[in-house]
Amino acid sequence: MSSNDRVIVLGCGMGGLAVSSLLAERAPKASITIVEQKKIFEFPPSFPLLAMGRREPGKVRRPLYVSKKRKVRLVNDRVGSIETSSRTVKTGSEELRYDHLVISMGVEYSPGDVPGLEKYAHQFYDFESAMKLRDALENLDGGKLAIGISRLPIKCPVAPYGLALLLQDHFARAKKKVSMEFFTPEPHPAPAAGPVIGKQVERLLAARGIAFRPKVKLSKVEKDKVVFEGKTELPYDLLIVVPPHKCPSAVVEAGLTDSSGWVPVSPQTLATRFERVYAIGDVTAIETPHAHVPFLPKSGSFALGQAEVVANNIAMSITGKGERKIWDGTGSCFLEVNRGESAMLRGEFLSNPPRLEFHPPRRKWQVEKTKLEEYWMTHRF
Ligand SMILES: Cc1cc2nc3c(=O)[nH]c(=O)nc-3n(C[C@H](O)[C@H](O)[C@H](O)COP(=O)(O)OP(=O)(O)OC[C@H]3O[C@@H](n4cnc5c(N)ncnc54)[C@H](O)[C@@H]3O)c2cc1C
């Protein structure tokens, strides 16, 4: 009889950690191997606070290890290739065979796509860059701050708006004169949530004097200005830009992506077009049934919900117990606006029309976001 209990999880960020820990609980006899290139687990939703000096590094990252109680093996290496025909994954040191494969490798950044971006712009989408930005912000005494999005899609599309709002609050408290302008290729903030919610976020920017320039595509960055297609320009003293995202090369080379550049999956089961291969989180492209945006945004709350479904269904296949689950497109995110308050957006993003709620800034959403950080920073295999 062929084996059915070897599960390989590629990537141990939010999706990979969730799927492997849930699977270890639900199918204790499964042989679970996780391949992750980093030796740490990070909580990216706290990178804006890290950049602003409101979180210390130890609060947003921790060593990655597997509890001895679990039958989970962590291979600390880079995924080199994925071969769906032979059900094999090759790392720098090993060749691993799977019965079920879960791809949760997130995104790679591609700053070289925009001339001058890497040289002149700061960003906060990875730990090291957020730490560099922290120094730059500490040394900024005033002037023009430009903040924006270079290309779509990006992870957590409200995060750059949150950073802009937090920075405005920060500079106002520090009595520093900083004028801010936000630029983006989007028609309005949080496009997946539709124009009505987008307008509410725009109002938050306007109420704090942050200028907003939508529908612009960055063509290059120079030492003291950004240039958009059509040759309009924006001068800056400090520039923060979310870099272009792309699908990790090993996933593309395995033939798992389509013309979207990402991995198409069944929205309900997260199955790819290859047998026993699932993809969750940022690496996926999930078509929406409504006209707001063609694909669902990339978000940790989606990765978690998808991990629950995939872990449940693989556990069911291995143990023969339980009931199959389907994913319903539910997700949420917080938009931190100042030291004490966050707004909150949540809903069912796959219903048509999407059923979405925008909750204005309150203390209680800030408390919920801090709880989420605690959950992820203490969550283990
Ligand atoms: C600044 C910021 C703020 C955010 N705020 C929020 C928020 O408030 N709420 C929310 O829900 N989401 C938020 N997100 C998005 C959230 O972090 C991601 O959606 C989530 O991490 C996706 O999980 P994932 O498992 O798909 O990818 P990741 O968590 O990125 O994990 C991918 C893992 O794969 C590993 N990997 C990649 N390639 C290889 C390889 N070749 N070999 C081995 N390992 C590899 C990586 O090292 C990484 O550990 C935010 C993101 C950022 C950057």
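User: Ala, Val, Leu, Ile, Met, Phe, Trp, Tyr, Cys and Pro count as nonpolar, Asp, Glu, Lys and Arg as charged, and the others, Gly among them, as polar. By class, how many residues does the shell around the ligand have?

Analyst: This is a predicted model, in which local features need pLDDT of at least 70 and side-chain atom pairs count only at pLDDT 80 or more, while totals for chains, interfaces and linings use all residues. Residues are numbered from 1 along each chain as its sequence is written. A residue is near the ligand if its C-beta atom, placed from the backbone, lies within 6 Å of it. Sorted by class, the shell around the ligand has 19 nonpolar, 11 polar and 6 charged residues.

User: Which residues come nearest to the ligand?

Analyst: The ligand has 36 residues around it. Elements that each supply at least two residues of this shell include helix α1 (14-26) and strand β2 (31-36); helices (H or I, at least four residues) and strands (E, at least two) are DSSP runs, numbered from the N terminus. The residues that come nearest are Gly-11, Gly-13, Gly-15, Gly-106 and Gly-281.

User: Between which domains does the shell around the ligand lie?

Analyst: Domain bounds come from an automatic or database domain assignment. Both domains give residues to the shell, so it lies between domain 1 (6-107 + 247-327) and domain 2 (110-244).

User: Which element gives the largest share of the largest nonpolar core?

Analyst: A nonpolar core is a set of buried Ala, Val, Leu, Ile, Met, Phe, Trp, Tyr and Cys residues joined through C-beta atoms within 7 Å. The largest one has 118 residues, and Val-19, Leu-23 and Val-310 are among those with the most contacts inside it. With 10 residues, the largest share of this core comes from α9.

User: How many of the residues of β2 are buried?

Analyst: A residue is buried if 20 or more other C-beta atoms lie within 10 Å of its own, exposed if 12 or fewer, and partly exposed in between, with C-beta atoms placed from the backbone. Strand β2 pairs with β1 (residues 6-10) in the parallel sense over 5 bridges, and Val-7 stands opposite Ile-32. β2 is mostly covered, and its buried residues number 5 of 6.

User: Which strands stand at the edges of the sheet β14-β15-β16?

Analyst: Two strands pair if DSSP finds at least two bridges between them. The 3 strands of this open sheet pair in the antiparallel sense. An edge strand has a single partner, so one side of it is left without a neighbour in the sheet, and this holds for β14 (218-221) and β16 (233-235).

User: Which residue of β16 is the bridge partner of Val-227?

Analyst: Strand β15 (residues 225-228) runs antiparallel to β16, and 3 bridges join them. One of the paired residues is Val-227, and its partner in β16 is Glu-233.

User: Which residue is the bridge partner of Lys-90 in β8?

Analyst: Another open sheet has 3 antiparallel strands in the order β6-β7-β8. Its edge strands, β6 and β8 (95-97), each pair on one side only. β7 and β8 are joined over 3 bridges, and in β8 the partner of Lys-90 is Glu-95.

User: Which residue does a cis peptide bond join to Leu-152?

Analyst: Most residues other than glycine have a negative phi, and most peptide bonds are trans. The bond after Leu-152 is cis, with omega about 0°. It leads into a residue of the loop between β11 (142-149) and α6 (159-173), namely Pro-153.

User: Is Cys-156 buried or exposed?

Analyst: Cys-156 is found in the loop between β11 and α6. Its phi is near 35°, a positive value in a residue other than glycine. Because 24 other C-beta atoms lie within 10 Å, Cys-156 is buried.

User: What does Arg-87 count as, by its C-beta neighbours?

Analyst: Arg-87 lies in the loop between β6 (79-83) and β7 (88-91). Although not a glycine, Arg-87 has a positive phi of about 50°. It has 19 C-beta neighbours inside 10 Å and therefore counts as partly exposed.

User: What distance separates the C-alpha atoms of Thr-269 and Lys-325?

Analyst: Thr-269 is found in the loop between β19 and β20 (277-279). With 16 C-beta neighbours inside 10 Å, Thr-269 counts as partly exposed. Thr-269 and Lys-325 are 56 residues apart along the chain, and their C-alpha atoms are separated by 7.7 Å.
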